[in-house]
Amino acid sequence: MHNIIKTDNRFPLNDIQPFEEPKGTGLDVRKILDKTLRNWYWFVLCVIGLAVVARLYLRYASPDYKISAKILVQDQQKGGDIPGGEILDQLEIFNNKNSVDNEAEILKSRSLTEKVVKDLQLNVTYFIAGHVKKTEIYERLPIAMHWLALKDTLTSVSYTVSAMGKDSFALSREDLSLRGAWNDTLQLPEGILVVERKAMYPLLDEDILVKVISIDQAVADFQKQFTVNIPNKQVSTIDMTYSSGVPAKGEAVLNKLIDVYLHASVEDKNRIVDSTISFVDNRLVIVSKELSGVENEIQQFKQQNKLANIEEQSKQLVVGTGDLMKQLTDQQVRLSVVTALEQYLEDNKNATHVVPSALVVADPTFVGLIGKYNTLQMERDRQLLTSTEANPFIKNLNEQLVGLRADLRSNLSSLKQGIQVSINELQQNVGTVNRKIEKVPATERVFLDISRQQAIKQELYLFLLKKREESAISKSSNLAISRIVDPAKSDAKPYNPNPLIIYLLSFILGVGCPATIFYLKELLNKRIFHKKDVSDQTPVPIIAEIGHNNGQQLIVATAKSNSPIVEQFRAMRTNLQFILTRANEKVIMLTSSMSGEGKSFVATNLAAVLALSGKKVVLLEMDLRKPRISAGLDIPNNVGFSTYVIGKSSLDQIIRPSGIHDNCWLISSGPIPPNPAELLLQEETAKLFDALRDRFDFIVVDTAPIGLVTDGQLLARFADATLFLVRQNYTFKEQLKLSRDLYIQHKMPKLNIIINDVKTSGSYGYGYGYGYGYGNDGMDHKKSTFRRLKNIFSKK
């Protein structure tokens, strides 16, 4: 009972402060810097290695060049102007507005791209195999493969063309091999092929690798590399950019695209002109026949009536009716034109043709309908190049065209009715005049009617001739709606790969990869490694840090030893003087959270350094379950604590020399009992500690791990100080919470922590620098870096 009362003073309640869990790790710059300097060789090796990889990548990567071009679009809203455009404005035939946005979409259209691909055969690529990579060739190509027919379902196929002389070649692939003469037609599974020999370029010594893909795939690849950009809304220019691995090929492709685009814009205008000329030619044939008929009728009438100078006879009548007849003739011409257009629209054969715009009577509403109808008709023809009639968009265009044709016919009907009303009124006026000349002979009246028909047909014939000439002039004056500002030109240097970015990325990866590995290694490490790992998990103070023992011997603290690890034990002995401040405080108990953390090693060497200071020390092997000290000191364990408690051995029999020092004795555990905890509760245990306090200056107790059994807590009532061992890179961080609970709940007297098996002060992070020259061992930590490098290269 007196022992329990005695231990009350060993738990300083006032010295214990409430412990708060660390809220965050934060950024420890010193720790990061130390880690980096400690492993500098890994960073250097990674940076150098990745720099070499980057150099090889830049050496063998296929470069990509950017090819640029610029065109100016005629856009009246933005001020774009093209020389010669004023001629079209004066003729007032082609007055549709062009939008820069629309032209940009046309440049990106599939129909335009497909034509470029087919014309330049971009689906066929030629390579020469090198030691590391294949190089595409475009200029000075001695051969060319022309596909007369190619499967649409073709994915990708590669051929090897080998020149067998001036007259023949060999064509092969994995499952096919054949020979043929230059310019022969070959029937292959993919289609019909002609291999052309270009005589202006000499044959190459190397085989030529030819890659063939489908037209659709080549179009898709082209559109991925092609971009169209409008700089801003204030200008009418379009910037085009194309990416290619061969600058000359990229320039040829982009120039070809511009040429096809300009040609297509002219063709769209010419289609309207050709439609107008065709309509006028058809009408001229009809009117010419009608005019010839009237003239023949006049000739026959004169011959039958023997008229010599009918003009003089009817001069007065013509003068009187001249104005009315001229007005009537104009209206009848208009009526004839409207009727012809109405018949043109009624004919289903013309449903897919544009409506002639050069013959329209000056009616703004009708002119607007014709312009809208022709625009939709051309859009429908353009879409049909890449789509079918079943396409919903084509169906929608057909419906709009049907509606517009109905509107045109309705407008023509209204216009025709108005003209007919005018003609009726003029005819009434002519009738009034005719009644005034009823006295004119019947022959002259008949001749006058025939002459009137002749004048009408003649006016119509001349009108049609005039319009035909105007249309022909406008066709010869047709210009593209755009002009080239800057032709295609490649940049001098490739934009990809960028050496600066590649080297910068290799440097970042060279630094980041080892840094990430070290960070993840530390983040995923569940065991303690740094002193801060201990201080973050528990408020228990750290009394000492013991380095790694390179040897296998249990005792390192001898009188003649001056290695760093012995100095650490001596420092721990000094620190214990500030813990065991009272004269009767002699019992030092060592425990840990689990087995293997070095309790027996630390307890034995602690007893040794205490004995070296001239104190009488007894070492108690109280780990009754797995005793190791007696075996390590080569002392028989047939008698000990277990035999003493049960009365089979006396105190003098169990106290034996340890062999460590003359001042150090050992009480071994004795035979392993079946009930260790019950033996520790015996009254003889308390008597043993009382007797040992009287005989010895220090009592060092090695106990079982407190995280596994309760032996340590049962012995705590006899201890004056408790040393809780943790081992670097062995003890789990979670197990440190046990020491925290023991400290907060005052279950152990004067609890302190010893960190054991610290490999090096640098890797530990907060070492105290014991390498200041204690024999040869004092230099080991200075040479650790060079040893690592030596080991790395020796392994390689």
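Trp 40, Tyr 41 and Trp 42 come together as one aromatic cluster. Keep in mind as you browse that this is a predicted model. Aromatic side chains are a good thread to follow here, since a search of the whole structure turns up eleven aromatic pairs.

**An aromatic pair to look at**
- One of these pairs joins Phe 169 and Trp 182: the ring centres are 5.0 Å apart and the planes meet at 35°, so the pair counts as tilted.
- Phe 169 belongs to strand E6 (residues 168-173), while Trp 182 sits in the loop between strand E7 (176-181) and strand E8 (185-188), so the contact ties together parts that are 13 residues apart in sequence.
- Both Phe 169 and Trp 182 are buried.

**Charges over rings**
- Arg 59 is placed over the face of Tyr 60, at 4.8 Å from the ring centre.
- Lys 134 is placed over the face of Phe 127, with 5.2 Å to the ring centre.

**A nonpolar patch on the surface**
- Trp 40, which is part of the aromatic cluster, also helps form a nonpolar surface patch together with Val 44, Ile 48, Val 52, Leu 56, Tyr 60 and Val 132.
- Together, the residues of this patch have about 620 Å² of accessible area.
- Tyr 60, the ring that Arg 59 lies over, is another member of the patch.
- Val 52, also in the patch, lies in helix H3 (residues 40-60).
- Patch residues need over 30% relative accessible area, and Val 52 has 45%, so this residue is classed as partly exposed.

Notes
Residues are numbered from 1 along each chain as its sequence is written. This is a predicted model: local features need pLDDT of at least 70, side-chain atom pairs count only at pLDDT 80 or more; totals for chains, interfaces and linings use all residues. Side-chain values use heavy atoms; hydrogens and water are left out. Patches are made of residues with over 30% relative accessible area and no salt bridge: like charges are joined within 9 Å, nonpolar side chains (Val, Leu, Ile, Met, Phe, Trp, Tyr) within 5 Å. Accessible areas come from the Shrake-Rupley method with a 1.4 Å probe; for residues, only the protein chains shown count as cover. A salt bridge is a side-chain nitrogen of Lys or Arg within 4 Å of a carboxyl oxygen of Asp or Glu. Helices (H or I, at least four residues) and strands (E, at least two) are DSSP runs, numbered from the N terminus. Buried means under 20% relative accessible area, exposed over 50%, partly exposed in between (1.4 Å probe, protein chains only). Rings of Phe, Tyr and Trp (its six-membered ring) pair if their centres lie within 6.5 Å; planes under 30 degrees apart count as stacked, over 60 as edge-to-face and the rest as tilted. A charge sits over a ring if NZ of Lys or CZ of Arg is within 6 Å of the ring centre and within 35 degrees of the ring normal.
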